Amino acid sequence: MEIWEYIAWVAAAYLVGSVPFGYLAGRVNGMDLREHGSHNIGATNAVRVLGKRWGIPVFFCDFLKGYVPPALLIGRLGCAITEFDTAQMGLFLAVLAAVVLGHTFTCFLRFRGGKGVATTAGALFALSLWVGGAAVLVWLLCMLVTRYVSLSSLVAGLGMLAAAAVQFRGQDGELSTADAMLLGLLGLLYVLVVVKHRSNIVRLVCGTEPKAFSKH
């Protein structure tokens with residue numbers, strides 16, 4: 001690939017990730033989600049404020065925008081992620097990071113966006129069905145037990161890291177440079193999710209975090 005293609009892939013991924021579906025759904029209903037509920041444009045707040053009729057489509061749109069750019073890039077490169085060399089992995093990770101950062105820091109809303117959970121989930125499924133499926137399973141189990149969306153998202157992130165560490169540890173137990181890059185980025189994305197959930201963490205500690213899908 002030429003350098004301009006690298007730049008185009010990353011820029012396109014960021015712009016796709018930046019499309020604020022939750023905000024647009026709110027505007028269609030005559031409101032700004034940033035002024036209601038948890039003041040977030042993500043799917044959870046969309047469900048809480050707009051109802052499942054709008055919130056569930058917002059989730060799937062945010063999921064798909066995380067899935068499509070990395071999946072298209074894999075097709076363009078023409079090989080499995082486990083076969084990526086360092087340069088290919090670097091481009092893939094840049095695209096994956098760009099689409100998530102587009103959602104969390106959208107250029108269309110003065111770089112204030114959602115918390116990145118649905119978009120990250122989509123990117124994980126593009127990366128690996130095993131890693132994405134493990135994260136979703138952990139999320140569902142935690143939700144069934146606690147009914148806290150935020151806590152489930154945080155715990156699911158740990159499940160993601162554990163599943164990725166198992167899958168990309170290398171056949172001889174030693175990490176290749178490409179695999180180390182991948183695990184490093186996933187770790188950074190998890191830190192981003194934790195930072196974006198810092199207010200939720202405070203409410204969880206104080207016992208004031210609303211359960212799914214409370215109006216309060």
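**From a surface patch to the buried cores**

L64 has its place in helix 4, and in this predicted model the residue is a convenient point from which to enter the structure. With a relative accessible area of 46%, L64 is partly exposed, since that value falls between the 20% below which a residue is buried and the 50% above which a residue is exposed. L64 also belongs to a nonpolar surface patch of about 350 Å², which is made together with Y67, V68 and L72.

Helix 4, which spans residues 52–77, also contributes to the interior, being one of the elements that give two or more residues to the largest nonpolar core. That core has 37 residues, and those with the most contacts inside it are I81, F84, M89, F92, L127 and L186. Besides helix 4, the elements that give two or more residues to this core are helix 1 (3–18), helix 5 (86–104), helix 6 (117–127), helix 7 (129–146), helix 8 (149–167) and helix 9 (177–196). Among these contributors helix 5 gives the most, with 10 residues. The surroundings of L127 can be followed in detail: once its neighbours within four places in sequence are set aside, L127 is in contact with I81, F92, F168, L182 and L186. Apart from this core lies another one, of six residues, among which are A25, A43, L50 and V58.

A polar residue offers a further view of the interior. N40 is found in the loop between helix 2 (21–28) and helix 3 (43–50), and N40 nevertheless counts as buried, because its relative accessibility is 12% and the limit for burial is 20%. Leaving aside neighbours within four places in sequence, the residues in contact with N40 are L33, N45, G113, G114 and K115.

The cysteines remain to be considered. How many disulfides are there in the model? The count comes to zero, and the distances for two of the cysteines can be set against the cut-off of 2.5 Å between sulfur atoms. For C61, the closest cysteine sulfur is that of C107, at 17 Å, and this is too far for a bond. C142 is likewise in no disulfide, the nearest cysteine sulfur, in C206, being 19 Å away. As to their exposure, C61 is partly exposed, with a relative accessible area of 29%, whereas C142 is buried, with a relative accessible area of 12%.

Terms used: Residues numbered from 1 in each chain as written. Predicted model: local features only at pLDDT ≥ 70, side-chain atom pairs only at ≥ 80, totals over all residues. Heavy atoms only, no water. Core = buried A, V, L, I, M, F, W, Y, C linked by side-chain atoms within 4.5 Å. Buried < 20%, exposed > 50% of the residue type's maximum accessible area, 1.4 Å probe, protein only. Helix = DSSP H or I, 4+ residues; strand = E, 2+ residues; numbered from the N terminus. Contact = heavy atoms within 4.5 Å. Patch = residues over 30% accessible without salt bridge, like charges linked within 9 Å, V, L, I, M, F, W, Y side chains within 5 Å. Areas by Shrake-Rupley, 256 points an atom, 1.4 Å probe, with all protein chains shown as cover. Salt bridge = Lys/Arg side-chain N within 4 Å of Asp/Glu carboxyl O.
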